[in-house]
Amino acid sequence: MKTRSLLVEIGKALGKLIVAGVFIGLLKEYDLIIAICLALKVFYNVFRDIIKPEDKNWLLLIGMLLTGFGGIIGEIWGVSNGYWEYHEISGKLPYWLPFAWMLAFDYLYKVEQTFIPFLSNPSQKNKILLAILLCLTLPAFGEMITIYLGVWTYYWPYQLFGVPLYAFMCLVFIHMLVYVLMNRICTRYKIEDIVFT
């Protein structure tokens, strides 16, 4: 029964990535429309998870802002150095990028919340290993869909379905850097959180 529940959760997680990837891929030339839709999704998630409930999860907002900021810094670095390029947009970077990065944190945080109870030993070490595994595989899977649909192209070598080894490492670096910062915030302010403590 536990295995079946885990498979259902994996299916849900992959399904969300497929929907998001296809949405961005099919509307790639409508940069502003994607940005508005993703911004509305960010605001909806913030309202649902932070503003509305009595037990407000400010960690979620902090993580989204940190990931959005770190992701954009990485995007500027990568595009400026010619490591990847976005297609069918007016500038060098799409308008929707900061919102996509913010939603990536929201997505990974919620997937981790869902998967941690399936760990036989939810120690901090095992949570970190789970986080690394998830940020190594799930964002890259989403990228494979958007790359296939022509949203952007990587120019780094050693690619797996369009995603280079360096991109896998960059995704893990950004997400785990935020993870470490969130862990430090939780430790400093004695905040209990299923993902970060």
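Which residues touch the most other members of the largest nonpolar core? Select Tyr86, Trp96, Phe105, Trp152 and Phe196: out of the 53 residues in that core, these touch the most other members. A nonpolar core here is a set of buried Ala, Val, Leu, Ile, Met, Phe, Trp, Tyr and Cys residues joined through side-chain atoms within 4.5 Å. Buried means under 20% relative accessible area, exposed means over 50%, and partly exposed is in between (1.4 Å probe, protein chains only).

Before you click further, some ground rules. You're looking at a predicted model, where local features need pLDDT of at least 70 and side-chain atom pairs count only at pLDDT 80 or more, while totals for chains, interfaces and linings use all residues. Residues are numbered from 1 along each chain as its sequence is written, and side-chain values use heavy atoms, with hydrogens and water left out.

**Stop 1: the core**

Now colour the elements that give two or more residues to this core: α1 (2-26), α2 (31-51), α3 (58-80), β1 (84-86), α4 (97-115), α5 (124-148), β2 (152-154) and α6 (165-188). Helices (H or I, at least four residues) and strands (E, at least two) are DSSP runs, numbered from the N terminus. As background, nonpolar side chains in soluble globular proteins tend to be buried together.

Zoom in on Tyr86. Skip its neighbours within four places in sequence, and Tyr86 is in contact (heavy atoms within 4.5 Å) with Glu75, Val79, Lys92, Leu93, Pro94, Trp96, Leu97, Val151 and Trp152.

**Stop 2: Ile147**

Trp152 also turns up around Ile147, so keep it on screen because Ile147 is buried, at 15% relative accessible area, and has Trp152, Tyr154, Gly162 and Val163 as contacts beyond four places in sequence. You'll find Ile147 in helix α5. For a distance check, pick the C-alpha atoms of Ile147 and Pro98: they sit 18 Å apart in space, with their positions 49 residues apart in sequence.

**Stop 3: a buried charge**

Go to Glu112, in helix α4. What is the nearest side chain of opposite charge to Glu112? That would be Lys127, 8.7 Å away; Glu112 is buried yet has no salt bridge. For the charge count, Lys and Arg are positive and Asp and Glu negative, with His and the chain ends not counted. A salt bridge puts a side-chain nitrogen of Lys or Arg within 4 Å of a carboxyl oxygen of Asp or Glu. Show what is in contact with Glu112, again leaving out neighbours within four places in sequence, and you get Leu130, Ala131, Leu134, Tyr179 and Val195.

**Stop 4: the salt bridges**

How many salt bridges does a search of the whole structure find? Four. Start with Lys12 and Glu9, whose side chains meet at 3.5 Å, N to O. Both lie in helix α1, three residues apart, about one turn of the helix. Lys12 is partly exposed at 47% relative accessible area, and Glu9 is partly exposed at 21%.

While you're in α1, select Gly15 too. Gly15 is partly exposed, with a relative accessible area of 28%. Its C-alpha is 21 Å from that of Leu97, 82 residues away along the chain.

Next, select Asp49, which is buried at 18% relative accessible area. Asp49 pairs with Arg48 at 3.0 Å, N to O, and Arg48 is partly exposed at 31%. Asp49 also meets Lys110 in a salt bridge, at 2.5 Å, N to O. Asp49 lies in helix α2 and Lys110 in helix α4, so this pair ties together parts that are 61 residues apart in sequence. Add Asp106 to the selection: salt bridges that share partners join Arg48, Asp49, Asp106 and Lys110 into one network.

**Stop 5: out to the surface**

Switch to a surface view and select Leu32, Ile36, Leu40 and Tyr95. They form a nonpolar patch with about 430 Å² of accessible area together. Patch members have over 30% relative accessible area and no salt bridge; like charges are joined within 9 Å, nonpolar side chains (Val, Leu, Ile, Met, Phe, Trp, Tyr) within 5 Å. The areas come from the Shrake-Rupley method with a 1.4 Å probe, and for residues only the protein chains shown count as cover. Tyr95 sits in the loop between β1 and α4 and is partly exposed at 47%.

**Stop 6: two positive phi values**

Finish with the backbone. Phe161 is in the loop between β3 (159-160) and β4 (163-164), with phi near 50°, a positive value in a residue other than glycine. Phe161 is exposed, at 66% relative accessible area. Lys190, in the segment after α6, has a positive phi of about 50° although it is not a glycine. Lys190 is exposed as well, at 74%.
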